[in-house]
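Let's practise reading a fold together. Have a look at the sequence and the model, then try each exercise before you read its solution.

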Amino acid sequence: MKKPLNFGYPRREKLKSQPLIEKLFLEGKSVSSYPLKLIYLQTELNEDVKIQSTVAVPKKKFKSAVKRNRIKRLLREAYRLNKHLVFNNSDPSFAFLFLYLGKEMPDYHDVERNMQAILQKFLKKIGDE
RNA sequence: CAAGCAGGCUACCCUAUCGAUUUGCCCUGAAUUUUAUUCAAGGCAAAUAGGAAAGUCCGGACACCAUAGUGCGGCAUAGCGGGUAACACCCGUCGUUCGUCUUUUGACGAAAAGGACAAGUGCAACAGAAAGCAAGUACAGUUCGGCUGUAGUGAAACCAGGUAAACUCUAUGCGGUGAAACGUCAUGUAAAUCGGUGCUUGAGGGCUGCACGCUCGAGCCGAAGGGUAGGCGGUUUGAGCCUUUGGGCAACCAAAGGUCUAGAUAAAUGAUAGGGAUUCACUUUUUAGUGAAAACAGAAUCCGGCUUAUGGCCUGCUUAUUUU
RNA sequence: GGCCUCGUAGUUCAAUGGAUAGAAUAGAAGUUUCCUAAACUUUAGAUGCAAGUUCGAUUCUUGCCGAGGUCA
């Protein structure tokens, strides 16, 4: 019997460690699909999961907390529905940070398309290495 | 119908799919150990942003520091009366100013940080004789001693001058720090090295702008270097909300009954699709159809206000236009 | 979340409540030079926004807006 795709996004899969995030910005590699950018780093994680991720929207580009919140929710939603693309048990564990670099409020479908594209790019790059 | 002012209400809804957090119940596993607790996975159910959550401008609750001490300094408020836990807030009222009406008295409406310059000090550009311990121009009047009036400059001129959102004085109030407070558990290193200083003749801290006073009492300061930056409590039942009755001009108060209504922490309260309601525009006699819009904005200990941003609806008043 | 500080020319700083807001530097034009640099001359440019007090506000008061710092 095939296990149904897991669309959940529990707390374990959220990246919360501040030192790790600083390390991401210093040593992380990135792929981008405008207006999204993914910074990733192969590392050991405290929890027993393959990938921990988080999202960030710069405060300089969106001053309204409401708009920042909405973009972060859209990004999380797109990741939640598409993360099965990268959940391969043979891979080592990664830390992800999604950045939104655009200046306009996005539409959900654009975000989802870019999310799929960026995850494909990530897989390809990992495969090459 | 439009504009302005004042007051009140509200802050789109439903369905499906996929999620997040909290709580309750069920069930499985693990640990402690013993029939309970903790942790983890799953299932079901319920709840889940505001009127301003914002700015952090006031006032409190609460916590710690002497149950908050004394003096100086500092800050705030400013007619009078009331409300309140308290306030710089609210209500009433008096005076002032402005606007409209009126011959006037006055009436109506609006605004405002509205004590004292008759204690002292300071300030007043330009103009002006002169802006303060006085001196003095022109003209007129006159009892010819001086005095009185007018003119001219200016925001203000012989007046107990003006000015206190100038220092200041008066009255009243205010101790300090703020939930990153504070308590507790865990993790980790270095109770290490060098220099200085002190151990009851008192180093240093609590303790704050300063001094005193009280209190703790063996470490403290500097250099270079090392380590942790996690969990739990505080944390949501509160000056709470709703209804009725009574008191009061009102703000508000009292009594009775009902009710439980977010608690996150790299930070939940969401996403997608479809439908409906509202508003606007166009088409149409109407029904209806098509298109567009749906604001300001996201809790972080909690309350009472103020200020600012903002969609829609309702009520009252004023003004103007059109029709009768 | 709390607390605190600061907004003056493009930039760095001045200015007791008083006349046309001052200086350096950068900019522009000109003189000089074969050309540039330097020097000299000339010129343009600002009180974050809105109210209030005052005869008069960069200055005093209040409210917005913006920038920055700090905390266990």
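**Exercise 1: The surface near the RNA**

In this predicted model, α2 gives the most to the surface near RNA strand B, namely 8 residues. Keep that helix in view as you start.

*Task.* Find out which helices each supply at least two residues of this surface, and how its residues divide by type.

*Solution.* Start with the whole set: 21 residues surround RNA strand B. Next, pick out the closest, which are F7, G8, Q18, R73 and Y108. Now turn to the helices: α1 (18-27) and α2 (65-82) each supply at least two residues. Finally, sort by type: the surface near RNA strand B has 9 nonpolar, 5 polar and 7 charged residues.

**Exercise 2: The sheet**

*Task.* Work out the order of the strands in the open sheet, and name its edge strands.

*Solution.* Begin with the order: the 4 strands run β1-β2-β4-β3, and their pairing is mixed. Then look at the ends, where β1 (29-33) and β3 (51-56) each pair on one side only, as edge strands do. For the twist, neighbouring strands are turned by 20° against each other on average, direction ignored.

**Exercise 3: A strand pair and a helix**

*Task.* Decide whether β2 and β4 run parallel or antiparallel, then find the helix that lies across β1 and β2.

*Solution.* Follow β2 (residues 36-42) and β4 (residues 94-100): they run antiparallel, joined by 7 bridges. As a check on one residue, L41 has A95 in β4 as its bridge partner. Last, locate helix α3 (residues 108-128), which lies across β1 and β2 and runs at about 140° to β1.

Terms used:
Residues numbered from 1 in each chain as written. Chains lettered and ligands numbered in written order. Predicted model: local features only at pLDDT ≥ 70, side-chain atom pairs only at ≥ 80, totals over all residues. Pairing = 2+ DSSP bridges. Axes fitted to C-alpha atoms, helices over the stretch in contact; angles between N-to-C directions. Contact = placed C-beta atoms within 7 Å. Near = placed C-beta within 6 Å. Nonpolar A, V, L, I, M, F, W, Y, C, P; charged D, E, K, R; others polar.
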